[in-house]
Amino acid sequence: MKLQRLRLASLLLLLAGVGVKPATAQEAAKQEPPSDSEGTSTIGGRKKNVWEQHRFWDRENGWLFAGVGAARTLDYFSTLNMRRRGRQEIFLTNDVVDNHPAFAAIEAATAGTSIGASYLFHRYGHHKLERWTSFVHIGLASTGAVRNYCLKTAHPKTSP
């Protein structure tokens with residue numbers, strides 16, 4: 001267990017180190033005032049500020065994030081049902097799934113990660129990807145939950 005934690009910590013440190021750029025000295029850049037066209041886009045023949053296309057917490061995203069939460073909740077309960085029927089979890093270890101608070105935290109973190117990815121897409125102007133992140137997440141989680149409920153109960157083999 002300690003070796004796994006050490007490996008995980010080393011991996012996270014390595015990933016953090018790869019993303020860091022070294023600080024270098026540079027000359028001060030000349031500041032020019034922004035032009036009128038900067039930060040705007042033409043949509044439907046009229047100019048619209050990029051930041052005013054839609055707010056992140058608008059109605060559609062609210063419903064999509066509620067759908068992600070509902071799909072993760074459905075996946076949580078379907079996985080617990082599957083484990084009670086003697087089936088084995090394939091993505092996580094059975095020990096994690098059988099620890100209900102830890103498994104609930106993993107499901108909540110997954111939903112939070114999906115919302116975070118949507119925010120990053122929104123922040124950088126990829127509004128279609130922002131919405132599609134939730135659509136795909138809802139579809140995959142719901143499909144997994146339906147699959148869990150469709151699995152047959154595992155009956156232990158008895159010897160004669």
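A crossing of two helices counts as right-handed if the near helix is turned clockwise from the far one by less than a right angle. Keep that in mind as you click around, and remember that this is a predicted model.

**Stop one: helices 2 and 4**

Select residues 59-84, which is helix 2, and residues 100-123, which is helix 4. Their axes lie 10 Å apart, and the packing angle is about 155 degrees. Angles over 145 degrees count as roughly antiparallel, so helix 2 runs roughly antiparallel to helix 4. Turn the view until one helix sits in front of the other: helix 2 and helix 4 cross in the right-handed sense.

Now show side chains. On the helix 2 side, the contact uses Phe65, Val68, Arg72, Asp75, Tyr76, Thr79 and Leu80. Helix 4 brings in, among others, His100, Phe103, Glu107, Ser114 and Ile115. Colour this contact by class and you get 8 nonpolar, 5 polar and 3 charged residues.

**Stop two: helices 4 and 5**

Keep helix 4 and add helix 5, residues 127-150. The axes of helix 4 and helix 5 come within 7 Å, crossing at roughly 165 degrees. That makes this pair roughly antiparallel too, and the crossing of helix 4 with helix 5 is right-handed.

For the contact, pick Thr110, Ala111, Ser114, Ala117, Ser118, Phe121 and His122 on helix 4. Facing them on helix 5 are His127, Leu129, Glu130, Thr133, Ser134 and His137. Here the classes come out as 4 nonpolar, 8 polar and 1 charged.

**Stop three: the aromatic rings**

How many aromatic pairs does a search of the whole structure find? It finds 7. Start with Tyr76 and Phe77: their ring centres are 5.0 Å apart and the planes sit at 80 degrees, so this pair is edge-to-face. Is Tyr76 buried or exposed? Tyr76 counts as buried, at 14% relative accessibility, while Phe77, at 46%, counts as partly exposed. You have met Tyr76 already, in the contact of helix 2 with helix 4.

Next, jump to Trp132 and Phe135. This pair is also edge-to-face, with centres 5.3 Å apart and planes at 70 degrees. Trp132 and Phe135 are 3 residues apart in helix 5, so about one helical turn separates them. Trp132 counts as exposed at 53% relative accessibility, and Phe135 as partly exposed at 36%.

Finish by selecting Phe56, Trp57, Phe65 and Tyr119, which form one aromatic cluster. Phe65 is another familiar face, from the contact of helix 2 with helix 4.

Terms used: Residues numbered from 1 in each chain as written. Heavy atoms only, no water. Axes fitted to C-alpha atoms, helices over the stretch in contact; angles between N-to-C directions. Helix = DSSP H or I, 4+ residues; strand = E, 2+ residues; numbered from the N terminus. Parallel < 35°, antiparallel > 145°, perpendicular 65-115°, else oblique. Contact = heavy atoms within 4.5 Å. Nonpolar A, V, L, I, M, F, W, Y, C, P; charged D, E, K, R; others polar. Phe/Tyr/Trp six-rings, centres within 6.5 Å; stacked < 30°, edge-to-face > 60°. Buried < 20%, exposed > 50% of the residue type's maximum accessible area, 1.4 Å probe, protein only.
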